[in-house]
Amino acid sequence: MQSANMLLKKIIRSSVLPFVAQHGMKKDLFPLSRTLSLSLCLKQDNSCSPSEKLDLDAWKKVMKSALREEASETVSESKELSALAAAREILEMWRLAGRLVPENISEEQLKTFMECPSKSAKKKYLKFLYQKELYKKNYKRKMDEKRERRLETQEQASETDETKRSSFVCLWSSSMDRAYNWRVAQSMIFGQPLVFDMSYEKDMSIREVANTVRQLVLSEASNRRSVDPFHIHFCNLKEDSLYHKELIKNYREAWSKLLITATDQCYTEIFPKDKLIYLTADSPKVMKTFDHNKIYIIGSMVDRSIKTGVSLARAKRLGLETAALPLEKYLLWNTGAKNLTLDQMMHILLTLKDTGDWKKALEFVPKRKYCGFVSKPVHELKKNLKLINALKLGRRQEELRKQFAKNYSKKLTQK
Amino acid sequence: IQPPEKPLQAEEWNRLRESFRSPEIFEEVMFNSMVRCNSPIDVAKSLLTYVAKSNGDIAYNLLVKYLALCVQRGQTSEIHDVYDIMKARFRILESGAYNLIIRGLSNSDQWRMALTLLEELKKIMIPSRTNYESCIKAASRHQEMNLAFELYHEMLSKDLVPTLDVLQAFFDFSRGMKGAELQKELFGILLYLRENQIYPHKTFMQSIKLWFESIPGGNWRGHLTNIKDSGQCPVCNRQLEDSDLTEEEYNNLRERIIKDVIHGTDTFRKTSPQEFEAFQAFVENRLPFDIVIDGLNVSHIKPRKMQCENLFEAVSYLAKENVRLLVLGRKHMLINSSNWKREIMKEMQNKADFFFAENISEDDAFLLYATLQSGKHCKFVSRDFLRDHKACLSDSLTRHLFRKWQRGHQIASKKMVLSVFIQQPAFRYDCVVQTTGDTWHIPYKDTFEEKYSYQVPRKWLCIQQKL
């Protein structure tokens, strides 16, 4: 800041001289502008004003001359503005004004934008689109760079070496796929079922449903890649529901070939009730061990605005047993809600299934949510925490007291 | 960066721009700092000229920023010019520019122009409440009260919430003016405060007082006072409205509590249908109660004491006066433990009725139901503000009713001193703006920031008309 200041001063100082030199001869060429004659001359003695020959309103002329040309073409265009077109124009102006607005917006998005119930909802939606666009642009740029690099290396490679020889034909990905599919097919016959309850559509917004399905796709993928996969059931999945539409959007043709069971039946119709356990963070019961004979149910729900007790209510209604992960017991919880994403749940359950090791399984809880693993009994740790807090508090109080004393003495001296 | 103090030549701007870290955003950053430092307008103009000459055009965002500077420095003619240029250059303007222009013009002698701009803005979107605020203030500043009120009603019809500032402006600028119509409108504002349970702050209250006292031939006199616990005003000796709801309001509230709070989207979330039915039957058989106690809440009053002891103390204190008590709790209280001794629980059950909900059920919902079912005389004891239950109610009108009812029926036990159970009595009178025709009673806040929604002001302005 200071250096910039210095620079400025230097520039101003150095520029005065040439102005004065030019002052005499150019004076008559530039008509004095209105504001200049009003404000500047009154304040400063006009002999050494460096800006005197500066036409401060020149920009207006430029702008006005620029608009002449464009005015003619805009007239023909603007016949009638439908609501959509008007909204599009507003967006364009907001973008020009530097707000977070996407450059391109589709008809569908524009409609969603107009249907937003409030100004803040509109703003949020636009920001979301803007960030999505930015993300896409960056991704595309990276891919382009990568392709270029690859082409370069290929060119070099083709010059230098012959084809490498090895005993395996390079068909990694497809053969891996086949192996995975074999394992999942096995699990569909012999594997332990895992149920995703798809009955929360009413409790979610469209975006939340989209997020849910995204998480489901991730969970399915990690299940497929595991050593001993679950047999995944999508229960209560209605045809033409939002879930269904989103799933098809994500999987496209692969949806019909997916090695999972998707059904519109409820899990209580498929499995015996006493074997079902509903996993929910609100459950009063805490899971102790992973039971290989039980069927665990996960609610397919993303709740951005935390809705407590929705899945617990569902389990209560059906009279099912519930359980929560023993997060408190093993982790020193820091911040964030205790509900985890579906793919995190999947990772945790898969690890439990393979190893039964809680510590290993709970590695998949996001690191920001906990401070560390509990090694000592919880109550001892809590005692420590309390002690730390008490010390902190004590220090703060002392600081306050000091501050007060200082202020007080100041007051006294002022008097 | 610091903006220069004097207008610069193109070369100088150029040099400055080059020395800046990222020249692409130099103009933007420079304008931002000009607005922040409130630079003279000529400096900004010289920068604009530089941009116009080097690019042949000026970007919209720069124009808006320049506009912000003009508004800040009150340069009306400049605002006009920029508006003309923008209008010719772009087919429509966005809300940011409109906000600035309306604000800028409404503070000048060309405030009528702001009104036409407001009309223009209405064609593309709903104006914000600050837009209306500027126009209303401008109109009332020029004594055009009819126009101001027209705008005010238009604003309300668009569900915009006026700031206290605007409302205060009405009182400030109508001082000493005559007219039955005007008086009616201003009374209307006071009733708006009443309906929305808004409390004016001290300076606003002063404006109201001064306006009343300035009405020609009105003979109004205002006094600041505190209302007695009995609900009597010490100045005019009138009794304030009591906090009872009307029969209709009461029934409405009760139905909404059952529908929104207890059942909500899913009855299983807070209780279960079986449990709720059992509770309903239990309450019907024993009606009416005088006081309903939130057992778990009361049992935590003194953390150093055993929980059942706390509860015991409260129950035996309240049981003295031959009142019918209901204590709500959860089943885990019945299991003998270090905090819940069976003998004490047994003894308490002789003094009051007990209902134990499931451990995972919400007992607060039952508390509300039992109290409302018992009738208007029934009170409840809890330190909980019940905010989450209020939030379950679906419309603001019912939420206001809930708050009003809560004020009149909740007994909060303060931290006890020497094991005496001190009651914070429920209010006997209702704390809202109220009138009897020849008197007005207006509660007010001491400072602007006081914001606890559960607290109600204890200070009042009493205005009476001497005929």
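Helices (H or I, at least four residues) and strands (E, at least two) are DSSP runs, numbered from the N terminus. The model is predicted: local features need pLDDT of at least 70, side-chain atom pairs count only at pLDDT 80 or more, and totals for chains, interfaces and linings use all residues. Side-chain values use heavy atoms, with hydrogens and water left out.

**Exercise 1. Confidence**

Task: State which scores the predictor gives the complex and what pLDDT chain B averages.

Solution. Start with the complex: its ipTM is 0.80 and its pTM is 0.76. Then take pLDDT, the predictor's confidence in each residue, from 0 to 100. Chain B averages 86, and 95% of its residues score at least 70. Where pLDDT is low, the predicted coordinates should not be read in detail.

**Exercise 2. Helix 4 of chain B**

Task: Check the span of helix 4 of chain B against the expected value, then describe its burial and the residue just after it.

Solution. Step one is the rule: the expected span of a helix is 1.5 Å times one less than its number of residues. Helix 4 (residues 60–73) of chain B has 14 residues and should therefore span 20 Å; its end C-alpha atoms are 20 Å apart, which agrees. Step two is burial, where buried means under 20% relative accessible area, exposed over 50%, and partly exposed in between (1.4 Å probe, protein chains only). In helix 4 of chain B, 12 of the 14 residues are buried, including Tyr60(B), Leu63(B), Lys65(B) and Cys70(B). Step three is the helix end: Gly74(B), just after helix 4 of chain B, has a positive phi of about 70°.

**Exercise 3. Ser106(B)**

Task: Place Ser106(B) in its helix and list what Ser106(B) touches.

Solution. Ser106(B) belongs to helix 6 (residues 95–106) of chain B. Ser106(B) counts as buried because its relative accessible area is 2%. Contact means heavy atoms within 4.5 Å. Leaving out residues up to four places away in sequence, Ser106(B) touches Trp111(B), Ala114(B), Ser134(B), Ala138(B) and Arg141(B). For Arg141(B), the separation from Ser106(B) is 35 residues in sequence and 9.8 Å in space, C-alpha to C-alpha.

**Exercise 4. Two domains of chain B**

Task: Give the bounds of the two domains of chain B and describe the contact between them.

Solution. Domain bounds come from an automatic or database domain assignment. Chain B is assigned domain 1 (163–240 + 427–466) and domain 2 (247–423). The contact draws 11 residues from domain 1 of chain B and seven residues from domain 2 of chain B. Their C-alpha centres lie 36 Å apart. Buried area is the accessible area (1.4 Å probe) that two parts lose on being put together, summed over both. Domain 1 and domain 2 of chain B bury about 820 Å² between them, with 45% of it on carbon and sulfur atoms.

**Exercise 5. Chain A and Phe290(A)**

Task: Summarise the elements of chain A, then locate Phe290(A) and its contacts.

Solution. Chain A has 16 helices and eight strands. Of its 415 residues, 35% count as buried. Phe290(A) sits in the loop between strand 4 (276–279) and strand 5 (295–299) of chain A. Phe290(A) counts as buried because its relative accessibility is 10%. Not counting residues up to four places away in sequence, Phe290(A) touches Gln192(A), Phe230(A), Tyr296(A), Leu349(A), Leu352(A) and Lys353(A). Ala85(A) is 205 residues from Phe290(A) in sequence and 57 Å away in space, C-alpha to C-alpha.

Key
Residues numbered from 1 in each chain as written. Chains lettered and ligands numbered in written order.
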